Amino acid sequence: MTKSLNIVFFGTPDFAKASLEAIFKSHHKIVGVVTAPDKASGRGMKLTPSPVKVFAEQENLKLFQPEKLRNPEFLESVRNLNADVFVVVAFRMMPQVLFSIPRLGTFNLHGSLLPDYRGAAPINFAVINGETKSGVTTFFINEKIDEGHILLQAETNILPEDNAGTLHDKLMEIGANLVVETLNGLSENTIKEKPQPEKENPKTAYKIFKDDLKIDWNQSSEKVHNFVRGMSPYPTAFTILKIGDEEKSLKIFKGHFELESHSRETGDFEISKNEFKFYTKDGIYYPEDVQIQGKKRMPIKDFLNGIQNFEDYKK
């Protein structure tokens, strides 16, 4: 058996929790867990703990929730844990004064095959760009975001029916396994870190804002389709409909397209009791799973059945 390493784990969402669980089940020892402060959410703005915090408390792991990572008391507490390595999964940017503490360094799990898709939303952009392969990378953190030396990588296929949500779950699972594999390799000194390959134009995965979610119907049908997949189920692509005198956003979670020449303007749509279709640059896109502003998410059939006057719907 490989030598057990002492680990401080940094992470917040479910994607991180899977790796924390995998380490916990391994022979390595978690000496501390660092996660984000509880966040106010829901109608009552109740403070909600992160998935990582929930697991850490359930297993009685030493927990930290610093507001600032440069806080001297927090840094001193972490130093006193005498960790061999820090593991970072879906956490915020770390200052050098923190990531340089452990003797073996600090490594991060990233949801792409680096150097492509550096940035905040690698899973979304892999699907948006119509990739057929994705993967995860463990790499040593340095001062530059997502540019440190690669330790290990693992690949998976992106299937036509995948969206950002299903790809997230695949990468979460293979990522958790890769984290433990990386810890084993560091313990045995069998991993040779290597610089990231030089690419002239690596694909990027910048942070997604609300304005980025609006569907551009001037694109090809395939690009619209991949955009919807890549934003589903979260943060969700949308378009604007005029209903009577009111503008409402329509979120689209799923759909399909047909290539077809037409003389309609892009973004035009037709809506009836049996069908809802949008005209794209080179065809027609049919939403299958939607949510109109102010209502819950529903299949397109239920959405159409709930409309009383189709004449009210305009571009």
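How many salt bridges does the structure hold? The structure, which is a predicted model, holds 13 salt bridges, and several of them appear in the close-up views described below.

**Figure 1. The whole protein chain, shown as an overview of its helices and strands.** The protein chain of this predicted model has eight helices and 16 strands. Along its principal axes, the C-alpha trace spans about 70 × 45 × 30 Å. Of the 315 residues of the chain, 49% count as buried, a word used here for residues with under 20% relative accessible area.

**Figure 2. Helix 1 and its buried residues.** Helix 1 covers residues 14-25, which makes twelve residues, and the distance from its first C-alpha to its last is 17 Å, close to the 16 Å expected at 1.5 Å a residue. Which residues of helix 1 are buried? They are Phe15, Ala16, Ala18, Ser19, Leu20, Ala22 and Ile23.

**Figure 3. A salt bridge inside helix 3, between glutamate 76 and arginine 79.** Both residues belong to helix 3, which runs over residues 72-79, and they are three residues apart, about one turn of the helix. The closest N and O atoms of glutamate 76 and arginine 79 are 3.6 Å apart. Glutamate 76 has a relative accessible area of 41% and is therefore partly exposed, and arginine 79, at 35% relative accessibility, also counts as partly exposed.

**Figure 4. The salt bridge between aspartate 162 and lysine 170.** In this pair, the closest N and O atoms are separated by 2.6 Å. Is aspartate 162 buried or exposed? Aspartate 162 is buried, because its relative accessible area is 5% and the word buried applies to values under 20%. Its partner, lysine 170, has a relative accessible area of 23% and is partly exposed.

**Figure 5. Isoleucine 158, a buried residue in a loop.** Isoleucine 158 is placed in the loop that runs between strand 9 (150-157) and helix 6 (164-188). With a relative accessible area of 5%, isoleucine 158 is buried. Glycine 175 lies 17 residues away from isoleucine 158 along the chain, and the C-alpha atoms of these two residues are separated by 15 Å.

**Figure 6. A network of salt bridges that includes arginine 264 and aspartate 268.** Which residues are linked in this network of salt bridges? The members are Arg264, Asp268, Glu270, Glu275 and Lys277. Aspartate 268 forms a salt bridge with arginine 264, and the closest N and O atoms of this pair are 3.5 Å apart. Aspartate 268, with a relative accessible area of 16%, is buried, whereas arginine 264, at 33% relative accessibility, counts as partly exposed.

**Figure 7. A negative surface patch that includes glutamate 246.** The patch is formed by Asp245, Glu246, Glu311 and Asp312. Glutamate 246 has its place in strand 11, which covers residues 246-259. At 46% relative accessibility, glutamate 246 counts as partly exposed.

**Figure 8. Two cis peptide bonds, each leading into a proline.** Most peptide bonds are trans. Where in the chain do the cis bonds of this view lie? One cis peptide bond joins serine 232 and proline 233, with omega at about 5 degrees, and another runs from tyrosine 234 to proline 235, with omega near 5 degrees. Proline 233 is found in the loop between helix 7 (221-230) and strand 10 (237-243), and proline 235 is likewise found in the loop between helix 7 and strand 10.

**Figure 9. Asparagine 60 and alanine 90, two residues with a positive phi.** Most residues other than glycine have a negative phi. Asparagine 60, however, has a phi near 55 degrees, which is positive, and this residue lies in the loop between helix 2 (51-58) and strand 5 (63-64). Asparagine 60 is exposed, with a relative accessible area of 70%. The phi of alanine 90 is near 50 degrees, again a positive value in a residue other than glycine. Alanine 90 has its place in the loop between strand 6 (85-89) and helix 4 (96-99), and at 33% relative accessibility alanine 90 counts as partly exposed.

Terms used: Residues numbered from 1 in each chain as written. Predicted model: local features only at pLDDT ≥ 70, side-chain atom pairs only at ≥ 80, totals over all residues. Heavy atoms only, no water. Patch = residues over 30% accessible without salt bridge, like charges linked within 9 Å, V, L, I, M, F, W, Y side chains within 5 Å. Areas by Shrake-Rupley, 256 points an atom, 1.4 Å probe, with all protein chains shown as cover. Salt bridge = Lys/Arg side-chain N within 4 Å of Asp/Glu carboxyl O. Lys, Arg positive; Asp, Glu negative; His and termini not counted. Charge placed at Lys NZ, Arg CZ, Asp CG, Glu CD. Helix = DSSP H or I, 4+ residues; strand = E, 2+ residues; numbered from the N terminus. Buried < 20%, exposed > 50% of the residue type's maximum accessible area, 1.4 Å probe, protein only. Expected span 1.5 Å × (residues − 1).
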